[in-house]
Amino acid sequence: MDYLCHMLQRKTRVRFAPSPTGGLHLGGVRTALFNYLFAKRHQGEFILRIEDTDQSRFVPGAEQYILDSLRWCGLEPDESPEQGGPFGPYRQSERKALYRQQAERLVASGHAYYAFDTPEEIEAMREHWRTEEDPSPQYGQRLRMHMRNSLTLPSEEVQALLQSGHPCVIRLRMPADEVVGFEDMVRGHVEFQTAQIDDKVLLKADGMPTYHLAVVVDDYHMHITHAFRGEEWLPSAPVHLLLWKYLGWAEQMPQWAHLPLILKPDGHGKLSKRDGERLGFPVFAMDWRDPASGEVTRGFREMGFLPEAFVNMLALLGWNDGSGQEIFSLGELVATFSLDRVHKGGARFDFEKAKWYNQEWIRRTANQQLLPLADSVFRDHGIDVDPARLAEAIPLVKDRCILLTDFIPQAAFLFRAPLAWDKPSIAAKWNPQRQRFFLDWTEELAAGHGEWTATTLEQSFQAAATAAGIKAGELQLPLRIMLVGGKYGPPVFTIAALIGQRETYARIRRALQELDAGT
RNA sequence: GGCCCGUUGGUCAAUCGGUUAAGACGCCUCCCUUUCACGGAGGAAUGAGGGGUUCGAUUCCCCUACGGGCUACCA
């Protein structure tokens, strides 16, 4: 009972534990997001732990990238390698001693053993025992007595090998015939037969722990209460459960939740970086530059996504609140998120839907807030914009933008003359009379056009058209193309009003020349 | 091959035994607009198959099929 009370009062602590091997994948961000939402929903803590136990896969810069990506998404950890915390270090490579100590403890209690087999010997074993029914024989209860380990070798020899510095790993000794089950927070009861599971390596020859040992040792020491990870980890859950038990920490074991996978939009399997390249959409949160190859993989951020949209989209991939609401701010997600509404099946990633979320978020984001973002998009494209004019432009074009980068095609013409014109569309409505009209009207503009507003301009245009005996509507499209370059954008006279008298005149005259040259 | 998880329209998905099986994306039609969008109205499109349980199954159980994951001294 005391214990129960203690458990109930335990502060919620979850961790996101990526390994720094490259860019942060969509699925990784979603796992981080679900962790974050759950933690905040329960007034708990969200911890970032770097799982860098595989030295061969370490990629410089990846850790910083992860930190930056989480920050961009608004998922700030409460404890991390960067800011530290009461249960650090938060990088597994810096906690090395901890793992050996626990692994030795398992050897002492008989739940683990030393194994001296070389990779070649293990390969030979697989070769030897391979059959059609068992294409990949496991180092486990059936075969471990045929291998070189502290279970088969005399203890003097084990001691000698240990002292000689012979490469040695520590393996978990899987019990012969037990059923290991648990309640998964998204899947319900799940169980496994230990007979099917091999003797997992716990401590590698280089002294580093494998994931299996590291997760449980760290989750224990960091007082993690709930552990969420992708479904690909489900088959190794029994290994972890047993470890919690053998280490004597079963009472403190976190509750597990295995999240559904994010699948390829087409074909089969889980979404990978390659799919994005193949299908033309980002998979990483932000641009990732591989330090070895120099190759850059596009990210959602650089492609023009708002972090709010990215996060919103990710949250709804595998979760919904049942109400039909689809647009959620991070705060709203925190308020409504619950694990029991997480879908069990994997979800195909749909870039079209992702874009829709972004479009919605651009529309909902305050113009004031959009200003610096649009400004930097223009800057990145080498277009100098007047902030005051940009501020006027944003409400005019935001509804037409799906990505932030759409501000370029949708508004660049407000800052510089078009580089090309949709001439065929003018040609369809062109004749000498109309050309004459534009010559005359620009003349009139140059002569001085009182108040320069969309309304007065439209009036003068109308009047001139009527005087020339042409329907104004027939002239509007040509005018638009002269000013904008194509058939898009806000109302023409609003554009003319914004770019000013001089520029309007110049663009029409320039386009007229261009048209002459073209005919 | 073995083990585990999953399966409602093209996609994301609601439904927690009784519904005309929501909603959204995308697609199509129309309206608004002499641009493009936005917006509005409408449309096509879903319970993998077979057994049970039940007065009644999309919903519960079993089998099959299909999909996915794992099967490393990677995470």
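In this predicted model, the side chain of Arg49 makes a polar contact of 2.9 Å with the side chain of Asp219. A second polar contact, at 3.0 Å, links the side chain of Arg49 to that of Glu51. Arg49 itself sits in the loop that runs between strand S2 (45-48) and helix H3 (62-73). Its relative accessibility is 0%, so Arg49 counts as buried, the limit being under 20%. Leaving aside residues up to four places away in sequence, the neighbours that Arg49 touches are Arg15, Phe16, Ala17, Pro18, Tyr90, Gln92, Val215, Asp218, Asp219 and Met222.

One of these neighbours, Asp218, leads on to a helix pair, as Asp218 belongs to the part of H7 that meets H4. The axes of helix H4 (residues 96-108) and helix H7 (residues 211-221) come within 10 Å and cross at roughly 105 degrees. The two helices are therefore roughly perpendicular, a class that spans 65 to 115 degrees. On the H4 side, the contact is formed by Leu98, Tyr99, Gln102 and Ala103, which meet Leu213, Ala214, Val217, Asp218 and His221 of H7. Sorted by class, this contact holds six nonpolar residues, two polar residues and one charged residue.

Helix H7 also holds Tyr220. With a relative accessible area of 24%, Tyr220 is partly exposed, because this value falls between the limits of 20% for buried and 50% for exposed residues. Tyr220 touches Trp244, Trp249 and Gln252, not counting residues up to four places away in sequence. The C-alpha atom of Tyr220 is also 8.3 Å from that of Pro254, a residue 34 places apart from Tyr220 along the chain.

What, then, of the nonpolar interior? The largest nonpolar core has 113 residues, and Phe310, Phe349 and Phe378 touch the most other members. Helix H2 (residues 26-41) supplies the largest share of this core, with nine residues. The surroundings of Phe378 can be followed in detail: beyond residues up to four places away in sequence, Phe378 touches Ile383, Val385, Leu390, Phe407, Ile408, Ala411, Ala412 and Phe415. Apart from the largest core lies another, of 39 residues, whose members include Leu161, Leu203, Leu242 and Trp249. Trp249 brings the description back to helix H7, being one of the residues touched by Tyr220, which has its place in that helix.

How values were computed. Residues numbered from 1 in each chain as written. Chains lettered and ligands numbered in written order. Predicted model: local features only at pLDDT ≥ 70, side-chain atom pairs only at ≥ 80, totals over all residues. Heavy atoms only, no water. Axes fitted to C-alpha atoms, helices over the stretch in contact; angles between N-to-C directions. Helix = DSSP H or I, 4+ residues; strand = E, 2+ residues; numbered from the N terminus. Parallel < 35°, antiparallel > 145°, perpendicular 65-115°, else oblique. Contact = heavy atoms within 4.5 Å. Nonpolar A, V, L, I, M, F, W, Y, C, P; charged D, E, K, R; others polar. Buried < 20%, exposed > 50% of the residue type's maximum accessible area, 1.4 Å probe, protein only. Polar contact = N/O pair within 3.5 Å; in protein donor to acceptor, adjacent residues only side chain to side chain. Core = buried A, V, L, I, M, F, W, Y, C linked by side-chain atoms within 4.5 Å.
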